[in-house]
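Here is a short tour of one model, with its pockets and a few of its strands as the stops. Have the sequence and the 3D view at hand as you read.

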Amino acid sequence: MQRPAKIEEAWGRKYPEQVVLAITKSPEGKVNVMAIGWVTLVSDGPPMFLLGIDDPAYTLELIRKTNEFVIAYPSKAMAKETLYFGTVHGHNIDKGTESGLTFVPGEKVSVPLLA
(Lines give C-alpha, C1' and ligand atoms only; values in the text may rest on other atoms or scores of the structure.)
Protein backbone atom coordinates (compact mmCIF):
# COMPACT_ATOMS: atom_id res chain seq x y z
CA MET A 1 0.00 0.00 0.00
CA GLN A 2 1.33 3.40 -0.92
CA ARG A 3 1.48 6.23 1.63
CA PRO A 4 2.68 9.83 1.32
CA ALA A 5 6.15 10.56 2.69
CA LYS A 6 8.29 13.65 3.11
CA ILE A 7 11.28 13.88 0.82
CA GLU A 8 13.72 13.39 3.72
CA GLU A 9 12.06 10.07 4.54
CA ALA A 10 12.21 9.00 0.88
CA TRP A 11 15.94 9.80 0.68
CA GLY A 12 16.45 7.81 3.87
CA ARG A 13 14.94 4.76 2.18
CA LYS A 14 17.06 5.23 -0.95
CA TYR A 15 20.39 5.10 0.87
CA PRO A 16 22.73 3.38 1.39
CA GLU A 17 23.41 2.53 -2.22
CA GLN A 18 26.49 1.25 -4.00
CA VAL A 19 29.02 3.99 -4.63
CA VAL A 20 32.01 3.60 -6.92
CA LEU A 21 35.26 5.49 -6.96
CA ALA A 22 36.35 6.82 -10.35
CA ILE A 23 40.12 7.21 -10.39
CA THR A 24 41.75 9.53 -12.90
CA LYS A 25 45.19 11.06 -13.32
CA SER A 26 46.14 14.52 -14.55
CA PRO A 27 48.68 14.91 -17.36
CA GLU A 28 51.07 16.12 -14.61
CA GLY A 29 50.60 12.84 -12.71
CA LYS A 30 48.27 14.00 -9.89
CA VAL A 31 45.84 11.23 -8.85
CA ASN A 32 42.20 12.30 -8.56
CA VAL A 33 39.38 10.20 -7.09
CA MET A 34 35.66 10.95 -7.21
CA ALA A 35 32.86 9.10 -5.40
CA ILE A 36 29.95 8.48 -7.78
CA GLY A 37 26.53 7.29 -6.69
CA TRP A 38 25.03 6.94 -10.16
CA VAL A 39 26.71 4.14 -12.10
CA THR A 40 25.58 1.16 -14.12
CA LEU A 41 27.27 -1.56 -16.11
CA VAL A 42 26.09 -1.30 -19.73
CA SER A 43 28.26 -4.04 -21.25
CA ASP A 44 30.51 -6.81 -20.01
CA GLY A 45 32.08 -7.48 -23.39
CA PRO A 46 33.80 -5.09 -23.66
CA PRO A 47 33.39 -3.77 -20.11
CA MET A 48 31.56 -0.42 -20.25
CA PHE A 49 30.16 1.68 -17.43
CA LEU A 50 27.72 4.56 -17.54
CA LEU A 51 28.67 7.15 -14.90
CA GLY A 52 26.69 10.17 -13.75
CA ILE A 53 29.26 13.00 -13.54
CA ASP A 54 28.42 16.73 -13.51
CA ASP A 55 29.86 18.61 -16.49
CA PRO A 56 32.07 21.01 -14.46
CA ALA A 57 33.58 18.13 -12.43
CA TYR A 58 37.37 17.87 -12.44
CA THR A 59 37.07 14.10 -12.93
CA LEU A 60 35.17 14.59 -16.19
CA GLU A 61 37.75 17.17 -17.30
CA LEU A 62 40.53 14.62 -16.74
CA ILE A 63 38.65 11.82 -18.50
CA ARG A 64 38.18 14.08 -21.51
CA LYS A 65 41.89 15.02 -21.52
CA THR A 66 43.34 11.53 -21.02
CA ASN A 67 40.56 9.18 -22.21
CA GLU A 68 41.32 6.97 -19.19
CA PHE A 69 39.85 6.17 -15.80
CA VAL A 70 39.42 3.14 -13.56
CA ILE A 71 36.60 2.13 -11.25
CA ALA A 72 37.02 0.83 -7.70
CA TYR A 73 34.28 -0.49 -5.43
CA PRO A 74 35.07 0.77 -1.91
CA SER A 75 34.60 -1.46 1.10
CA LYS A 76 32.55 -0.49 4.12
CA ALA A 77 35.84 0.16 5.93
CA MET A 78 36.54 2.96 3.42
CA ALA A 79 33.49 5.02 4.40
CA LYS A 80 35.59 7.97 5.64
CA GLU A 81 37.70 8.10 2.48
CA THR A 82 34.66 7.68 0.23
CA LEU A 83 32.94 10.60 1.94
CA TYR A 84 36.11 12.65 1.45
CA PHE A 85 36.26 11.79 -2.26
CA GLY A 86 32.60 12.75 -2.65
CA THR A 87 32.79 16.10 -0.88
CA VAL A 88 36.19 17.60 -1.77
CA HIS A 89 36.89 18.98 -5.25
CA GLY A 90 40.16 17.99 -6.89
CA HIS A 91 41.02 21.05 -8.95
CA ASN A 92 43.52 22.32 -6.39
CA ILE A 93 44.07 19.27 -4.18
CA ASP A 94 45.90 16.00 -4.81
CA LYS A 95 43.13 13.82 -3.41
CA GLY A 96 45.12 10.65 -4.05
CA THR A 97 47.90 11.78 -1.72
CA GLU A 98 45.65 13.56 0.78
CA SER A 99 43.45 10.47 1.24
CA GLY A 100 46.33 8.42 2.64
CA LEU A 101 45.32 5.44 0.48
CA THR A 102 47.83 3.46 -1.54
CA PHE A 103 47.76 3.30 -5.32
CA VAL A 104 49.65 0.93 -7.62
CA PRO A 105 50.44 1.34 -11.31
CA GLY A 106 47.85 0.04 -13.76
CA GLU A 107 48.92 -2.64 -16.23
CA LYS A 108 46.80 -1.54 -19.20
CA VAL A 109 46.22 2.17 -18.47
CA SER A 110 48.34 4.97 -17.06
CA VAL A 111 45.77 5.60 -14.31
CA PRO A 112 46.77 3.92 -11.01
CA LEU A 113 44.67 1.32 -9.28
CA LEU A 114 43.56 1.44 -5.65
CA ALA A 115 45.82 -1.00 -3.77
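How do the residues of the lining of the largest pocket divide into nonpolar, polar and charged?

## The largest pocket

They divide into ten nonpolar, ten polar and two charged. Here Ala, Val, Leu, Ile, Met, Phe, Trp, Tyr, Cys and Pro count as nonpolar, Asp, Glu, Lys and Arg as charged, and the others, Gly among them, as polar.

This is a predicted model, where local features need pLDDT of at least 70, side-chain atom pairs count only at pLDDT 80 or more, and totals for chains, interfaces and linings use all residues. Residues are numbered from 1 along each chain as its sequence is written, and side-chain values use heavy atoms, without hydrogens and water.

Met34, Ala35, Phe85, Gly86 and His89 lie nearest the centre of this pocket (an open set of points on a 1 Å grid over the protein atoms alone, where a 1.4 Å probe fits, with protein on both sides within 12 Å along at least five of seven lines; lining residues have an atom within 4 Å of a point). Helix 3 (79-87) gives the largest share of the lining, five residues. Helices (H or I, at least four residues) and strands (E, at least two) are DSSP runs, numbered from the N terminus.

## Strand 1 and its partners

Five of the six residues of strand 1 (residues 20-25) are buried (under 20% relative accessible area, 1.4 Å probe, protein chains only), so this strand is largely enclosed by the rest of the structure.

Strand 1 pairs (at least two DSSP bridges) with strand 2 (residues 31-36) in the antiparallel sense over six bridges; Lys25 has Val31 as its bridge partner. Strand 5 (residues 70-72) also pairs antiparallel with strand 1, over three bridges, and Ala72 is the bridge partner of Leu21.

Conventions: Buried means under 20% relative accessible area, exposed over 50%, partly exposed in between (1.4 Å probe, protein chains only).
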